[in-house]
Amino acid sequence: MAESRIHARGRLFSFILLFFVGLSSVNSTAQVPLVIWSTDSLPPLPSPSAGHISSDQELAVYLRPVFASGPHTVLLFLQEKLSKDDLTHYGGVFGNKQDSAFKNLEAALRSSSSVTFPALEWRSPSAVTALLEAELGASPVLADPDTLSHLSIDTSVNNLLLINLPYCSDSLKSCKELLHDNDEVLGKALSVLQTKGIPYISIFTGQQPSRVISETAVPQEKVGRSLLQAVAPDVKPPIVFNSTGNPCIMLWAQNLNVSVSESTGWIDLAAQTPNLTGSTCSSSSSQLVLRYPSGHVLSFSMSQRFYPVSARNWFSLDTVELQVGGVTASYVGSRGIYAPAEYSFRCQSVNNFQNALLVMNSTNQSLSQWRLNFIDFQIQGFSLNNGTNFSYASDCASFFTPAIWMGLLTSLLMLLIFVYGLHMIMQLNTMDRFDDPKGPSISVPQSE
Amino acid sequence: MLLEWMMNGHAILYTGVTLAFWSTILIVGICYTIFDLGFRFDVAWFLTETSPFMWANLGIGLAISLSVVGAAWGIYITGSSIIGGGVKAPRIKTKNLVSIIFCEAVAIYGIIMAIVISNMAENFSGTTPETIGARNYQAGYSMFGAGLTVGFSNLFCGICVGIVGSGAALADAQNPSLFVKILIVEIFGSAIGLFGVIVAILQTSKVKMGD
């Protein structure tokens, strides 16, 4: 019975230490472990959930009924600094029980009824002392094992005996040795009280945590994963021209860069707000005129008609005109900018100098320097049907480029030839029509 | 018996390839239809965007290669018959070389046409269909057509002459007087290769590639 109780205590202690191990990785606010053991039985404490930091209130609530049942002698071992990590580091919890620096503490917990607060919220160094003082109504008496034996303890009143234990500093002793010495002090004090036959409640805790793992601040607004890329800028709405109250022409572009000469550089018209006066809209042709405060005027003319071969309506962007300071340059876009009339046209790059979709209409030399570069350009001039969303975007980029088609055609042709040749070779057989193993072998005449 | 035929490696390969080909076509067609993207299937775009040089060089390549295939096939057929018949009747071997020469002529037509067509390929400086110009497109397509014409004509001419020559050799082995009669059949057979050459010349007569 006693052996099983000791065994149970041992298991309890190792469980407590492992509990410390499990919890040590979670909390980051200042916390101190606190162990209570007593010669009498202590009321059970429901084990806290992992990561829970007990508050002083919880400790007070637990201790109140304990202290209420008559006078107690409380022996408080206050180590200068204590954290869970010290117990796991030096407690011989990784199967090396013989290296434990807390042998007396373990023995005491095993032999007495004990309760642990694995994580007690730490606010100030004197919090525990003050709390015990308040609960017991007795002021602490500083002691150490030597003086303890000479001390006469009146068991009819509450007594609070305080033993201060040092913590590792940069002294000559190693931390393990120091904690071992603390343990010896603890053991001696307990044995003194035991020889005196005084029932006690003993508490082992720290004045402050020896190690506080500070977490990096978690931004409270974002829970869950988010991309590390730069914040995408707000998307501006498309330019919408309304005719008789309904949207008729829509245009959106990330950039509408124009450049009159090399020296003046690019001007992004999309950053300015245009005036849409002069735009017209009908069932067969639409024109969007954008007048910018900087003096530029950009106009897009689109037309739509029925094509009998494909039997559907197609629209095309016929001309794009740019007017800067009284001079107008006109570009033809109907060659490459077209789509079925129900859809919008979208292209990543609409320009007049590289894979140009816009071709200059006139041969005026002075205008040949002008450059247009529309980036991520989408336009729709028909079939908006009262909505302000673009229809399906027919992209200027096809699935296979012409080069890919050429390569595919040639490769497939060569593959076909190869397969045909392979087939011919594979169906060559030695002729065995006239083989007759039993007949006479053929005779070859020696002369003609 | 079908199972035996199926177990043949060739049959499995060809069945697999045909299945892959037709299923690709079917699935692509279905996707085009479902998503109403049929307008993107544009043959005119393909013909104008692909370079005329591709067509021209395909024509040149096909001209010589198909002619050579025809010649080779014909020589293989005739040659094996001559060699086989020559075992029993060695006198046939000298006379029947004429059949081989008829087959070879087909290859010569092919190489001449290939050289003629390749001389017409010139550089041009356009990059878009407008700047390339209609004449260059016409040149590319004509060269392709001419190559195809001469190639296929010579292919079938070569096979024809080969089979007839094979018959001639074996008939000659049996009865020497038959050879001259069969030679007439061979001459008719080789005329068709010549037709192909003439038509190809006509096709490329108006070709003018360049700026």
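User: In this predicted model, which residue forms a salt bridge with Glu106(A), and in which helix do the two residues lie?
Analyst: Side chains of opposite charge can pair when their charged atoms come close. The closest N and O atoms of Glu106(A) and Arg110(A) are 3.4 Å apart, which is within the 4 Å that a salt bridge allows. The two residues are 4 residues apart, about one turn of the helix. The partner of Glu106(A) is therefore Arg110(A), and both residues lie in helix α4 of chain A.

User: Which strands of chain A does helix α2 touch as it packs on the sheet, and what angle does its direction make with that of β3(A)?
Analyst: The sheet of chain A is open and mixed in its pairing, with 6 strands in the order β3-β1-β6-β2-β5-β4. Within that sheet, strand β2 (residues 73-81) runs parallel to strand β6 (residues 201-208), and 7 bridges join them. Helix α2 (residues 56-68) packs on the sheet and touches β1, β2, β3 and β6 of chain A, its direction making with that of β3(A) an angle of about 155 degrees.

User: Why is one side of β3 and of β4 in chain A left without a neighbour in the sheet?
Analyst: The order of the strands in this open sheet is β3-β1-β6-β2-β5-β4. Because β3 (113-121) and β4 (140-142) of chain A each have a single partner strand, one side of each is left without a neighbour, and the place where both stand is at the edges.

User: Which residue of β6(A) is the bridge partner of Val74(A)?
Analyst: Strand β2 of chain A covers residues 73-81, and 7 bridges join this strand to β6, which spans residues 201-208 of chain A. Among these pairings, the partner of Val74(A) in β6(A) is Ile201(A).

User: How many salt bridges are counted between chain A and chain B?
Analyst: A search of the whole structure finds 13 salt bridges over all chains. One that links the two chains brings together the side chains of Glu49(B) and Arg335(A), with a distance of 3.4 Å from N to O. Between chain A and chain B, the number of salt bridges is 3.

User: Which element gives the most residues to the side of chain A that touches chain B?
Analyst: The contact takes 31 residues from chain A and 25 residues from chain B, and the area buried between the chains is about 2300 Å², with carbon and sulfur atoms giving 65% of it. The elements that give two or more residues to this side of chain A are β14 (312-324), β16 (338-340), β20 (393-395) and α8 (402-426). With 11 residues, the element that gives the most is α8(A).

How values were computed
Residues numbered from 1 in each chain as written. Chains lettered and ligands numbered in written order. Predicted model: local features only at pLDDT ≥ 70, side-chain atom pairs only at ≥ 80, totals over all residues. Heavy atoms only, no water. Pairing = 2+ DSSP bridges. Contact = heavy atoms within 4.5 Å. Axes fitted to C-alpha atoms, helices over the stretch in contact; angles between N-to-C directions. Buried area = accessible area lost by both parts, 1.4 Å probe.
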